[in-house]
Amino acid sequence: MNFIYINQNILDNLFYILVSILIYYILLDHGKRLSQYGKTLITACMSIPIILCMKFPIYIDEYCVHDLRQIPFIIGTLYGGWPVGAALLVIILTFRFAFYGFNLLTLTVYIVIFIITALFSSKFKNFNRKNKLNCSILLILFLGILTSFISIVMSDYFRITEAYVFYFIILPPFIIVLALYIIEILKDAIIIRTQMVRLEKMEVVSQLAASISHEVRNPLTVVKGFVQLLKAPDLTQEVREQYIEHVVRELNSAESIISEYLAFAKPAIEKVENILINREIGYVIEMIKPLANMNLVTISNQLAPGITRGNIQHFKQCFLNLIKNGIEAMPNGGELNIVSYVNNFDIIIEISDSGIGMNKEQINRFGEPYYSSKEKGTGLGSMVAVKTIQTMNGTLHLNSALNKGTTISITLPVYQEDHSGK
């Protein structure tokens with residue numbers, strides 16, 4: 001085979017395709033609002049390698065210039081359906097004619113590719129990974145052979161060489177299998193991570209439910225006792241009112257515990273708002289006190305007023321995870337101290353326990369998914385906490401020693417409300 005006209009642009013074409021796929025899934029995973037515009041996003045991400053592949057083609061010989069533009073075109077159509085395929089078809093033809101001028105053969109070939117791929121895409125989405133890979137090989141081989149036949153019929157100058165067969169018939173199936181395999185791996189990773197985070201939260205909720213049910217039983221027992229006392233016929237009106245006050249107070253206490261639990265358990269709303277640090281952490285402390293009591297842990301706090309910006313529900317989840325970790329680090333009981341103060345333009349929140357502490361490796365790996373120092377832990381609670389703090393433009397620092405306890409310092413930016421318009 002004569003490789004005299006082949007250059008490094010084939011690796012460049014492959015690089016454009018794979019990087020665009022990674023960018024698409026990064027945006028899809030981290031840009032929650034972008035996920036609402038999935039078809040627009042995949043169109044944009046697949047159009048970039050199409051244009052770059054055409055701009056930097058593979059020179060097969062002096063009569064034939066080829067590139068891998070059909071790979072992102074087919075991928076976009078398979079995963080996005082005919083609307084994405086139609087948009088990519090317009091982009092391909094527009095830039096192809098802009099770069100090299102109008103060509104009827106090119107127009108015919110890509111319309112044929114679009115029609116066949118679009119018709120196949122509805123079935124493709126329902127396949128498992130293995131079937132997707134196998135069918136994509138057959139599809140691109142069929143399209144390569146079919147479009148080559150069309151080119152032979154429509155053009156007197158077109159000829160099939162060994163280099164053409166290698167780059168247009170043999171190579172594309174390997175590239176599309178690699179691309180689709182990476183796509184399926186990234187899709188599964190995002191789904192699994194989302195499910196694991198949800199399971200971690202449900203585990204926290206179930207533990208809170210057990211501890212809260214224990215805590216709610218205490219005021220209900222008191223209420224039951226006073227209600228029985230109210231049945232006594234010789235009670236004075238003053239004593240009766242005192243009993244009723246005790247009943248109302250205990251019911252309010254139980255209602256408060258249940259309300260905090262339900263507020264935490266409901267799904268978070270994806271919105272950014274002002275967070276009153278002392279108030280929200282206070283709510284978390286009250287909510288987790290039943291769990292602390294069951295573990296013989298005393299929680300003390302000194303919370304200074306301060307405002308930051310973020311999602312309140314995620315903020316509560318973050319500190320619930322961190323405080324819960326501190327409680328579980330003291331299996332024989334102890335004291336958990338929570339302090340917050342304002343330092344210039346930052347709010348510092350410190351959570352200190354007197355528990356078992358962590359070694360250097362555990363400190364360095366804190367926040368990694370699926371890594372935990374607990375026997376049945378997944379590490380996702382710490383990961384969610386770290387990610388939440390990073391999302392709020394904050395930092396987390398650990399200071400720990402074995403059998404001496406751990407101090408977690410969280411730094412968040414202070415939100416300065418603009419009063420200039422008042």
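In this predicted model, Phe73 touches Ile50, Gly85, Leu88, Leu89, Ile92, Tyr110, Ile113 and Phe114, leaving out residues up to four places away in sequence. Phe73 also belongs to a wider group: the largest nonpolar core has 47 residues, and Phe73 and Ile75 are those with the most contacts inside it. Six helices give two or more residues to this core, namely α1 (9-30), α2 (38-55), α3 (70-100), α4 (104-124), α5 (129-154) and α6 (162-230). The greatest share comes from α3, which supplies twelve residues. A second core, separate from this one, has 37 residues, among them Cys318, Leu322, Ile347 and Ile408.

The helix α3 itself deserves a closer look. A straight helix of 31 residues would span 45 Å at 1.5 Å a residue, yet the end C-alpha atoms of α3 are only 17 Å apart. Following the helix along its path, one meets a kink of about 145° at Gly81, shortly before the proline Pro83. Just beyond the end of α3 comes Gly101, where phi is positive, at about 90°.

The start of α3 can be explored through two neighbours in sequence, Arg69 and Gln70. Arg69 sits in the loop that runs between β2 (64-66) and α3. Is Arg69 buried or exposed? With a relative accessible area of 8%, Arg69 is buried, because the cut-off for that class is under 20%. What does the side chain of Arg69 make a polar contact with? The partner is the side chain of Tyr110, at 3.4 Å. Setting aside neighbours within four places in sequence, the residues in contact with Arg69 are Ile50, Cys53, Met54, Ile92, Arg96 and Tyr110. Readers may recall that Ile50, Ile92 and Tyr110 are also touched by Phe73.

Gln70, in turn, is a residue of helix α3. Its relative accessibility is 6%, so Gln70 counts as buried. Beyond the neighbours within four places in sequence, Gln70 is in contact with Tyr110, Phe168 and Pro172. One of these partners is far along the chain: Gln70 and Phe168 are 98 residues apart in sequence, while their C-alpha atoms are separated by 9.9 Å.

Attention now turns to charged pairs. The structure holds seven salt bridges, and three of them are described here, starting with those of Glu280. Arg279 forms a salt bridge with Glu280, and the closest N and O atoms of this pair are 3.1 Å apart. The two partners differ in their surroundings: Arg279 is partly exposed, at 38% relative accessibility, whereas Glu280 is buried, at 2%. Glu280 has a further partner in Lys316, with the closest N and O atoms 3.6 Å apart. What does this pair tie together? Since Lys316 lies in helix α9 (residues 312-328) and Glu280 in helix α8 (residues 277-294), the salt bridge ties together parts that are 36 residues apart in sequence. Lys316 counts as buried too, with a relative accessibility of 10%.

Helix α9 also holds a salt bridge between Lys324 and Glu328, whose closest N and O atoms are 2.8 Å apart. Why are Lys324 and Glu328 separated by about one helical turn? They are four residues apart in helix α9, which accounts for that separation. This fits a general rule: an α-helix has 3.6 residues a turn, so residues three or four places apart point the same way. Lys324 is buried at 5% relative accessibility, while Glu328 is partly exposed at 29%. Through shared partners, salt bridges join Arg279, Glu280 and Lys316 into one network.

Finally, α8, the helix of Glu280, can be followed from end to end. It has 18 residues and reaches 26 Å from its first C-alpha to its last, close to the 26 Å expected at 1.5 Å a residue. Along the way there is a kink of about 45° at Ile288, shortly before the proline Pro290. Which residues of α8 are buried? The list is Ile277, Glu280, Ile281, Val284, Ile285, Met287, Ile288, Pro290, Leu291 and Ala292. After α8 comes Leu296, whose phi is positive, near 60°.

Conventions:
Residues numbered from 1 in each chain as written. Predicted model: local features only at pLDDT ≥ 70, side-chain atom pairs only at ≥ 80, totals over all residues. Heavy atoms only, no water. Core = buried A, V, L, I, M, F, W, Y, C linked by side-chain atoms within 4.5 Å. Buried < 20%, exposed > 50% of the residue type's maximum accessible area, 1.4 Å probe, protein only. Contact = heavy atoms within 4.5 Å. Polar contact = N/O pair within 3.5 Å; in protein donor to acceptor, adjacent residues only side chain to side chain. Expected span 1.5 Å × (residues − 1). Bend = angle between axes of the 7 residues up to and from the residue. Salt bridge = Lys/Arg side-chain N within 4 Å of Asp/Glu carboxyl O.
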